[in-house]
Amino acid sequence: MAKILPDVSRTFSEYLLVPRLTKRDHTVSNVSLATPVSRFKKGDTPKLSMNIPFVAASMQSVSGSNMAISLSRKGGLAFIFCSQTIENQAAMVARVKNYKAGFVVSDSNVRPEAPLRDVLNRTKATGHSTIAVTHDGTPHGKFLGIITNKDYWEFEDDLDMPVSDYMTPVERVIFGKSGINLHEANILLHKNKKECLPVLDAAGNLESLVFKKDYVDHHNNPDELLDEDKRLVVAAGVNTHDYKERVPALVEAGVDVLSFDSSDGFSEFQKEASLWVRERYGNKVGIGGGKIVSAEGFRDLAEEAQLDFVKVGIGGGSICITRTQKGIGRGQASALLDVVEARNKYFEETGIYVPICSDGGLANDTQIIVALAMGADFVMMGRYFAMCDESPTPKVSMNGRMYKPYWGEGSNRARNWQRYSDNASDSHLKFEEGVDAYVPVVGSLNDVLGVTLAKLRSTMCNCGSITLRDFAESALLTRISEQSFVEGGTGNVTVLDNKNSGE
């Protein structure tokens, strides 16, 4: 007969953190949110860590190249979705990898013989007031000079005259040489009181531009996640169907971390695929997988499949209906606690630490904090990031408010047939495990993430912790009743809408 687990399947909303002693050094400025992504032996340093414990899900409506760039610059990772052609996904990975913070490939260029009118048109089209002049008008042609909107007057100068009559020639331009780092480039800008610094190779060809305004931007992103070559770290999702073709293309494009995308990862398919990647690439690329909801599943993926990290959660996402469609899953809090206990036991037995990613079941910032307190090394989210400006879907106006489309990878809209069928010729889903919906636009990733990180750091101080490991080891949680939940909200008062009250 079937075995029944004695415990009730519980969610994050059923728990609260009990404050611990806050000492003098438990201040927000002292909090470190660094967290491991790759498995490591006791006493060793993980090959790859993040600076914040947040990753964006491998979904069409969440993780494109813009999200991957933005989140990596904040210290996290976005797993570029795999439900697209191998070529398209590899191109997205390459775009992130080729992005060099502070070093901009010029996308507004003209030839010296071009009419001044071309400069004006490019400035109006792109908003860029600084334009590089190269011999062939390309981003990497021989650099001949630079022209800005300060070099001409739109309504006074003859717009049919050549750019060469108005530009500052290369002989009078302060430039940097190939190999210069961002700090050195900014010193040149400051010393020479310039707004833009062209960077040239040994042959005098234009490599990139460094702008004064990006100096401020760089200081606003101190947690950028960079590899040893100072390039952004990039992650991507893969499946267990075409991984033998997809993974090599992604590795060639520069991917740092892979994660198998499946609603249920406790399978021999995922184990075989993981071992195939490990055999061919060793530790060159990180490998994550799941999802699982039990200690048994963790052991299989951590020990047998040799994954770097394991994702926990089935059916807890806001657009996931796996539980209602197939009757499988587990309350996210119960699943996470069970897997964390198994991970800690595995660490005691082997001395190998395998990071855990809590995926799904996170409806608000409080639940994110509870998940980390319960032992998740980082959390994976879809809806949270889908609502940001940087997600790949277009904004849609409905009833006077802006929304973005958001759909599950198990929905018909995703057309992700491979994920659910052993038959490659299938071209439709027999049933859906995800829904097609809309989420409100909440603004830029920078603003949204800033609020969540501030709450997390503050809570950690309340709980007497300044590292995530400390937080998970010393957190004290209490189960709450329905009335406790009600009591925690506002009651017996009229809440004013500050936006309409003049405050």
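Which residue stands opposite Gly288 in strand 16? In this predicted model, the residue facing Gly288 of strand 16 is Ser259. Strand 15 spans residues 257-260 and runs parallel to strand 16. The two strands are paired over 3 bridges. Between them, the chain passes through helix 7, residues 268-281. This β-α-β crossover from strand 15 to strand 16 is right-handed.

Strand 16 covers residues 286-292. Buried means under 20% relative accessible area. Of the 7 residues of strand 16, 7 are buried, so the strand is largely enclosed by the rest of the structure.

Strand 16 also pairs with strand 17, residues 309-312. The pairing is again parallel and again involves 3 bridges. Gly289 has Val310 of strand 17 as its bridge partner. Helix 8, residues 295-304, belongs with these two strands to a β-α-β unit. That unit is right-handed.

Strand 17 is covered on both faces. Phe309 and Lys311 lie on one side, and both are buried. Val310 and Val312 lie on the other side and are buried too. Val310 is thus a buried residue and the bridge partner of Gly289.

Strand 17 is also joined to strand 19, residues 356-359. These strands run parallel, with 3 bridges between them. Here Val312 stands opposite Ser358 of strand 19. Val312 is itself among the buried residues of strand 17.

Methods:
Residues are numbered from 1 along each chain as its sequence is written. This is a predicted model: local features need pLDDT of at least 70, side-chain atom pairs count only at pLDDT 80 or more; totals for chains, interfaces and linings use all residues. Side-chain values use heavy atoms; hydrogens and water are left out. Buried means under 20% relative accessible area, exposed over 50%, partly exposed in between (1.4 Å probe, protein chains only). Helices (H or I, at least four residues) and strands (E, at least two) are DSSP runs, numbered from the N terminus. Two strands pair if DSSP finds at least two bridges between them. A crossover is right-handed if, with the strands pointing away from the viewer, the path from the first strand over the helix to the second runs clockwise.
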